[in-house]
Amino acid sequence: MRSAGWGPASGRKEGYELSIEGRKDDHIDICLTEKVSAERNWWDDVMLTHEAIPSCDLDDVDLRTSFLGRSLEAPIIISAMTGGSKRALEYNRMMAKAAQEFGLGMGVGSQRAGIERPQYRATYEVVRDYDVPLLMGNIGAPQIVRAKDMEDAALMISSSIDMIGAHAVCLHLNYLQEVVQQEGETRAEDLIVRVKGLSSRFPIVAKETGAGLSRSSAVALRDAGIAALDVGGMSGTSFSAVESFRSKPGKERPMRLGRAFWNWGIPSPASVIFSKVGIPLIASGGIRNGLDAARGIALGADCSGMARNLLIAASKGYEDLAQEIGMVIDELKASIFLCGKDSARALKGSCAIVVGPTREYLGYEGHIDYPGTGI
Ligand SMILES: Cc1cc2nc3c(=O)[nH]c(=O)nc-3n(C[C@H](O)[C@H](O)[C@H](O)COP(=O)(O)O)c2cc1C
C-alpha cells in the first residue's frame, strides 16, 4: 500500500479544467498501478452445481439476452468508467468498439465534465462511432441533489442522453467515495424524491460503485420507479482505496478515511440477493472472469458487469481487451454448459449454492428468503 498521495511531482495538472482531466487520469492510473480491490473477493463463496450430464453441446449454449428492451449477444455489461480527458476518450473508444464487436452493453463514465465543459464532450461522444447495442449514460446522485430544481436535474439527464445517444442513464450512488474524497459532495437530502421525479421521465439504472445495494435501498429505488439496478457491490474496486491513494501531503483525511473504509460495503453476491426486487438487475463489483459472471446470473441477475479488469486489459491495447472479453465469454459459456443448462436465461436464479462468509453474512438477514441459493 502506498503511503503518500499524488503530489505535483507525479505529473498532476493544476487549475479547474486541468483538475478535471487530472482527476480522471488519476483514477485510471491508480486503478492500473495500485492494489485497489477489497481485501476479500466474495464471489468465491458462490458455488455452481456441476451436472455430469450436460443438456446440450457446448457450442449450442445460447448466451443471448435482452436487457431494458435491448438485445445483447451475451449478458455482459462493460461498466461505467471514464470520460473527460484525452486518455479517457481512447478508453471509451476501445470499450465501445468491443461492445459493438461482441454485442454487449456498456456505460460511459460520469458525464458531469462533458455537461459542464463542452470541450470534454468529444471524450464521451466518441462512442457514437460504434453500434453499441445498449449504451448507458452516467450522472452522479450528488449532482442530481445539487441541481437547483427538478427541471435542472431533468436537463442534466437529458443532456447525458443526447450527448451519446444513450438508451438509458446510470445514476451512480457513490457516497462512500464522496465521504472519503477531499471536499466530496455529500448532500443527499431529497435524493429519493428527485429519483422518483426523474424515473417517471427517463429510463434510469441506479448503480452503486463498489459498496453495494441493501434490500432496503433496492426496494426504495424500485418504488421510486427506477428501471433497473446495478448492485456495484464490495469485492472488487474500492473507491475508498482509490481516494486514499489520491490524498495529497498535508491532507491526511482522505488517506485516513480511505484506509478505514477500504472494505466497507455489502459483499457483491449478497447484494445481488438483496436486490432481487422484481426489476432488471446487473451483478457487479469484483467480477473477475466469466465464471464470476455466471455466479451473478445464477444468483438471479440478468447480466453481469465488469469494470477494472477490462480497464487493465484495455491499457495494453484493443487486441488485449478483445482477447479478455473473448475469454470471459468462453468461461461464461463453459459455466452454463457444466451446470447442465442450455442458455444464460436458463441459468438465471438456479444452480448457485452460497457457502462460507457470504452464507454467514446472509444468515444475519434471516427475514429474507433466498430461493435458489441453497440457504
Ligand atoms: C477507473 C474507474 C472509473 C470509474 N468511474 C465511474 C464513473 O464515472 N461512474 C460510475 O458509475 N462508476 C464508475 N466506476 C465504477 C465501476 O463502474 C464499478 O461499479 C466498480 O468499479 C466496481 O466494479 P469492478 O470491481 O469490476 O471494477 C469506475 C471504475 C473505475 C475502475
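**Exercise 1. Describe the overall fold of the protein and how compact it is.**

The protein holds 17 helices and twelve strands, where helices (H or I, at least four residues) and strands (E, at least two) are DSSP runs numbered from the N terminus. The radius of gyration, taken over C-alpha atoms, is 20 Å, close to the 21 Å that the globule rule (2.2 Å times the number of residues to the power 0.38) gives for 375 residues, so the protein is as compact as a globular protein of that length. Of these 375 residues, 57% count as buried, meaning under 20% relative accessible area with a 1.4 Å probe and protein chains only.

This is a predicted model, in which local features need pLDDT of at least 70, side-chain atom pairs count only at pLDDT 80 or more, and totals for chains, interfaces and linings use all residues. Residues are numbered from 1 along each chain as its sequence is written, and side-chain values use heavy atoms, with hydrogens and water left out.

**Exercise 2. Work out which residues surround the ligand and which polar contacts reach it.**

Begin with the shell: 21 residues have a heavy atom within 4 Å of the ligand, and the closest are A80, S110, K207, T237 and G286.

Next, consider polar contacts, which are pairs of N or O atoms within 3.5 Å. A backbone N or O atom of A80 lies 2.7 Å from a ligand oxygen, a polar side-chain atom of N138 lies 2.9 Å from an oxygen of the ligand, and a polar backbone atom of A307 is 3.0 Å from a ligand oxygen.

Finally, turn to the cover: the ligand taken alone exposes 610 Å² (Shrake-Rupley method, 1.4 Å probe), and the protein buries 95% of that. The elements giving two or more residues to the shell are α1 (16–33), β8 (204–208) and α14 (308–314).

Technical notes. A polar contact is a pair of N or O atoms within 3.5 Å; within protein, one must be able to donate a hydrogen and the other to accept it, and residues adjacent in sequence count only if both atoms are side-chain atoms. Buried means under 20% relative accessible area, exposed over 50%, partly exposed in between (1.4 Å probe, protein chains only).
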